[in-house]
Amino acid sequence: MRILLVYCHPVPESFCAAIRDTAIRALETAGHDVDLLDLYAEGFDPVMPADERRHYNEMKLADHPFPDHAERLQAAEGLLLVYPTWWYGLPAMLKGWLDRVWTPDLTFRIPDGPGPIEPLMTHINLLGVITTCGAPRWWSYVVSHPGKRTILRGMRALCGKSCRRLFMAHYMMDKSTPESRARYLAAVEKRLLKIRG
């Protein structure tokens, strides 16, 4: 598969960077073509200006504010998001990427009359999240995993009907150890090596 890996962390030497590198290595070993999109490295601007918001619902693909990102999304067959979970959800940078890149006429179509929106990401057959989380697993489920729900329920609704979901989290990250981090990286590698097109 052609997999767009969206990476979001401001610190180059973070553990998330190790996750990113492990994921790329495993996916390429499994025969996939990986396109890395590093939001912080490219200086992505997550702040939507007022005029963009005013015309958002009528936006056409030709007017997309990030045509390169739109093209890469259209070319992808799988989408993998690697990021830290902060305050139970997505980092602001990643949320801004969803706000500004997942636009009408690219990822969904708003009908003229009544009825549901039309999904346009039907070429995406794999949608995954690999994250770290400071909270324990049980508490993350108590607060309903808002970041996980945004991606694996909300965004998933715009993807192919048979789109597979993947979710992995290193919980209790603030109290992690070299051993727990090594185990997690090994689990990420093992899981991604099993992905088939």
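Which strands and which helix do the buried residues of H3 pack against? The views below take this up, along with the rest of the protein. This is a predicted model, in which local features need pLDDT of at least 70, side-chain atom pairs count only at pLDDT 80 or more, and totals for chains, interfaces and linings use all residues. Residues are numbered from 1 along each chain as its sequence is written, and side-chain values use heavy atoms, with hydrogens and water left out.

**View 1. The whole protein has seven helices and seven strands.** Helices (H or I, at least four residues) and strands (E, at least two) are DSSP runs, numbered from the N terminus. Starting at that end, the order is β-α-β-α-α-β-α-β-β-β-α-α-β-α. The radius of gyration, taken over C-alpha atoms, is 17 Å. The globule rule (2.2 Å times the number of residues to the power 0.38) gives 16 Å for 197 residues. The two values are close, so the protein is as compact as a globular protein of that length. Its C-alpha trace spans about 55 × 35 × 30 Å along the principal axes. Buried residues account for 49% of the 197. Buried means under 20% relative accessible area, exposed over 50%, and partly exposed in between (1.4 Å probe, protein chains only).

**View 2. Helix H3 covers residues 67-75.** Its buried residues are His69, Ala70, Arg72 and Leu73. Seen down the axis, they fall within an arc of 165°, so they line one face of the helix. The arc is that of the directions from the helix axis to the C-beta atoms. Pro67 and Glu71 are exposed, on the face turned away from the buried side. The buried residues pack against strand S1 (2-7), strand S2 (33-38) and helix H4 (92-101). Contact here means heavy atoms within 4.5 Å.

**View 3. Helix H6 spans residues 146-154.** Gly147, Ile151 and Leu152 are buried. They cover an arc of only 95° around the axis, which puts them on the same side of H6. What covers them? The cover includes strand S3 (78-85), strand S6 (126-133) and strand S7 (164-170).

**View 4. Strand S3 pairs with S1 and with S6.** Two strands pair if DSSP finds at least two bridges between them. S1 and S3 run parallel and are joined by five bridges. In this pairing, Val6 stands opposite Leu81 of S3. S3 and S6 are also parallel, with eight bridges. There, Leu80 has Gly128 in S6 as its bridge partner. Is S3 enclosed or open? Eight of its eight residues are buried, so S3 is largely enclosed by the rest of the structure.

**View 5. The cysteines form zero disulfides.** A disulfide is a pair of cysteine sulfur atoms within 2.5 Å. Why does Cys16 have no bond to Cys8? The Cys8 sulfur is the closest to that of Cys16, but it is 8.7 Å away, too far for a bond. Cys133 is in no disulfide either; its nearest cysteine sulfur, that of Cys16, is 11 Å away. Cys16 is buried, with a relative accessible area of 2%. Cys133 is buried as well, at 5%.
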